[in-house]
Amino acid sequence: AVPVLLEGLKKLEYRGYDSAGVAVIEKGKLYLNRSVGKLYMLEEKINVTDHQARIGIGHTRWATHGRPSDSNSHPHTDCTGKIAVVHNGIIENFLELKEWLEAEGHIFKSETDTEVLPHLVEHFLKDKKDLLNAVESMIQKVRGSYAIVVLSEDFPDTLVAAKKDNPLIIGVGEGEYFFASDIPAIINYTRKVAVLADGEIAVLQPQGMTVY
């Protein structure tokens, strides 16, 4: 997954960005690598040949909430370090969500609006025990625009995504599936693309994709 993610991010460099990061699950553990600056700086932190992960998420970021820094780069994680989220868009009510989550005992490590998302998933997973249901509960709390993809160490063969007002597509390949914000990121792997509509949630697993 790591070279696929890095190649996809390179295809979207034309949008501009100030930081980048990837998160993958390998041998049951979530590994996070992030770097301020250009993609080659992230690549220097990652020994690609060391990673045999088959699932992961990646992101390049323009700073909106919080300065460019390693800690403000995506993906963002929850308190446990088991849940990672990438997000395009703006969470308009992130300050009230952050205050509520901090009152619930959550510890934040960045200045971004996005970081409330993995903490919300963590919060709802305690009751829901299911990643899809936790993401559904998360987006019911959120106001704003988003294309979100969620990865969890406890569900190592699953990606869950949600969309509102920001582009998100699914690529259907030969025995592999992709989420992306634009077609160039996945064009080398498949020409079969499904476009998510606002309010839809999608689940990718080895056996296929499901859209709700």
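Helix 1 covers residues 2-11, and both K11 and E7 sit in it. They are 4 residues apart, about one turn of the helix. Their side chains meet in a salt bridge, 3.7 Å from N to O. Keep in mind that this is a predicted model.

How exposed is that pair? K11 has 30% relative accessibility, so it counts as partly exposed. E7 has a relative accessible area of 26%, and it is partly exposed too.

Now the other salt bridges. The count comes to 6. I will take two more of them.

D154 and K82 come next. Their side chains meet at 3.8 Å, N to O. This pair links distant parts of the chain, 72 residues apart. D154 is in the loop between strand 6, residues 144-152, and strand 7, residues 159-164. K82 is in the loop between strand 4, residues 76-77, and strand 5, residues 83-91. D154 is at 48% relative accessibility, which means partly exposed. K82, at 32%, counts as partly exposed.

Then D165 and K164. Their salt bridge spans 3.2 Å, N to O. D165 is at 49% relative accessibility, so partly exposed. K164 is at 34%, so partly exposed as well.

On to the sheet. Which order do its strands take? The order is 4-5-6-7-11-12, in an open sheet of 6 strands with antiparallel pairing. Strand 4 and strand 12, residues 208-211, stand at the edges. Each has a single partner strand, so one side of each is left without a neighbour in the sheet.

Let me walk along that order. Strand 4 pairs with strand 5 in the antiparallel sense, over 2 bridges. There, H76 stands opposite V85 of strand 5.

Further in, strand 6 meets strand 7. They run antiparallel, and 5 bridges join them. I148 has A162 in strand 7 as its bridge partner. The two strands form a hairpin, with 6 residues between them. D154, from the salt bridge with K82, is in the loop between these two strands.

Strand 7 also pairs with strand 11. That pairing is antiparallel, over 4 bridges. V160 stands opposite V203 in strand 11.

Is strand 7 enclosed or open? Of its 6 residues, 5 are buried, so strand 7 is largely enclosed by the rest of the structure.

That brings me to the cores. The largest nonpolar core has 27 residues. Which members touch the most others? They are V116, L117, V121, M138, V142 and V150.

Where does this core come from? Several elements each supply at least two residues. Among the helices, these are helix 3 at 94-103, helix 4 at 116-128 and helix 5 at 131-141. Among the strands, they are strand 5, strand 6, strand 7 and strand 11, the last at 201-205.

Take V150 as a way in. Leave aside its neighbours within four places in sequence. V150 is then in contact with I83, A84, V85, V121, L131, V135, T158, L159 and V160. Two of those names came up in the sheet. V85 is the residue opposite H76, and V160 is the residue opposite V203. V121 is listed with V150 among the core members that touch the most others.

There is another core apart from this one. It has 18 residues, among them V86, L168, A202 and L204.

Now a residue away from V150. S35 lies in strand 2, residues 29-36. Is S35 buried or exposed? At 4% relative accessibility, it counts as buried. The cut-off is under 20%, so S35 meets it. From S35 to V150 is 115 residues in sequence. In space the two are 20 Å apart, C-alpha to C-alpha.

Last, the surface. I183, V193 and V195 form a nonpolar patch there. Together they have about 240 Å² of accessible area. V193 is found in strand 10, residues 193-195. Its relative accessibility is 32%, so V193 counts as partly exposed.

To recap. The sheet is open, with 6 strands. Strand 7 is largely enclosed. V150 is one of the members of the largest nonpolar core that touch the most others. The salt bridges come to 6, including K11 with E7 and D154 with K82.

Conventions
Residues numbered from 1 in each chain as written. Predicted model: local features only at pLDDT ≥ 70, side-chain atom pairs only at ≥ 80, totals over all residues. Heavy atoms only, no water. Salt bridge = Lys/Arg side-chain N within 4 Å of Asp/Glu carboxyl O. Buried < 20%, exposed > 50% of the residue type's maximum accessible area, 1.4 Å probe, protein only. Core = buried A, V, L, I, M, F, W, Y, C linked by side-chain atoms within 4.5 Å. Contact = heavy atoms within 4.5 Å. Patch = residues over 30% accessible without salt bridge, like charges linked within 9 Å, V, L, I, M, F, W, Y side chains within 5 Å. Areas by Shrake-Rupley, 256 points an atom, 1.4 Å probe, with all protein chains shown as cover. Pairing = 2+ DSSP bridges.
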